[in-house]
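Let's take a walk through this fold together, one piece at a time. Have the structure open and turn it as you read.

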Amino acid sequence: MRYRRLGRAGLQVSELSLGSWVTYHNQVDVDAAVEMMAAALDAGINFFDNAEAYAAGRSEEVMGQALKRLGRPRLDYVVSTKFFWGLDRSEPGINRRHTLNRKYLLQAIDGSLQRFGLDFVDLVYCHRPDPHTPIEETVWAMSDMITRGKALYWGTSEWSAGEIRAAWDIAERHHLHKPVVEQPQYHLFHRSRVEQEYVRLYDDIGLGLTTWSPLASGLLSGKYLNGVPEGSRGAMETMSFLREGLTDPAKNAAVARLQPIADELGATLAQLAIAWATKNPRVSSVITGASKAEQLQSNLGALAVADRLTPELMARIDEATKALAK
């Protein structure tokens, strides 16, 4: 395993990390989480990503119980959570969801720490921008969260470059803790935000990236080349909104064009896609997901594949997919 700094921050995270969206509680119980997180730690993964909204808080509970059972030193792992959507999107009540106001944020972190069974999280993200709360109010709340020792670093997820820069400038002006990381979607079919929109932020403010969905929700694994297989993410009713994209004929044709490149490397399509994402030096960590230990081990094989991705092979991958990227 190799490690990269989180932008300009001193914190180092593993090139591959393990996330919990969709899987924890829904597909992965505490016993399975213990097995996979132990394997991940043994392989050098030190970053585990989560969010308040994942399984309405139960994902944090599963991960927290797994960490307690593993008993690893706290310095050996990095845990994140995210706020915006709320704990239960169906629960009525003002200030409970879809907000980044001070009241919500400073109460949400207490709930997450209780579910994790931790004294602090290492990273906390604003899970989406909130157009109804002044960015200044959000920046002060996030900075106060760190000052109070409940989180060590903060960042954003799916914010525009302008919103990130505005938050950073406010923190700079008031000598507050600045956002150091963004968590955007990044894969072969979703590239412009990372490769174009954020470009100035990398050098101007030292922005780091922890990217999600390197397999485009499974599309880039090749499993949807012949429709939606039983037991896949696309077959889940809660993930039905993904089906149209997963069965897109043009994108699946592009995935098929990647197969010969994967074959040349002795790799799976999933390993090729994950390896491609790690080749971007601006990416601090690529967040992977797994519902089984075998998937985790296969994903780890992407690191060796990345070492063999020559400029010529990267150009061939671009040729096969870039016309469909946004």
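**Strands and helices, step by step**

In this predicted model, a good place to begin is Val 181, which sits opposite Gly 208 of strand S9. That pair belongs to a wider setting: strand S8, covering residues 179-182, is connected to strand S9, residues 208-211, by two bridges, and the two strands run parallel. Helix H5 (residues 161-174) packs on the sheet here, where it touches both strand S7 (151-156) and S8. The direction of H5 makes about 165° with that of S8.

Now step back to take in the whole sheet. Eight strands, with parallel pairing, close into a barrel, and following them round gives the order S3-S4-S5-S6-S7-S8-S9-S10. From one strand to the next, the twist averages 30°.

Next, please find a pair of helices. Two packed helices are described by the angle between their axes and the distance between the axes. For helix H9 (residues 249-265) and helix H13 (residues 311-321), the axes come within 8 Å and cross at roughly 165°. Angles over 145 degrees count as roughly antiparallel, so that is how H9 and H13 lie relative to each other. The crossing of H9 with H13 is right-handed.

Which residues make this contact? On the H9 side they are Ala 254, Arg 257, Leu 258, Ile 261, Glu 264 and Leu 265, and they meet Leu 313, Arg 316, Ile 317, Ala 320 and Thr 321 of H13. Sorted by class, the contact between H9 and H13 holds seven nonpolar residues, one polar residue and three charged ones.

Definitions and conventions: Residues numbered from 1 in each chain as written. Predicted model: local features only at pLDDT ≥ 70, side-chain atom pairs only at ≥ 80, totals over all residues. Heavy atoms only, no water. Pairing = 2+ DSSP bridges. Helix = DSSP H or I, 4+ residues; strand = E, 2+ residues; numbered from the N terminus. Axes fitted to C-alpha atoms, helices over the stretch in contact; angles between N-to-C directions. Contact = heavy atoms within 4.5 Å. Parallel < 35°, antiparallel > 145°, perpendicular 65-115°, else oblique. Left-handed = near helix turned anticlockwise from the far one by under 90°. Nonpolar A, V, L, I, M, F, W, Y, C, P; charged D, E, K, R; others polar.
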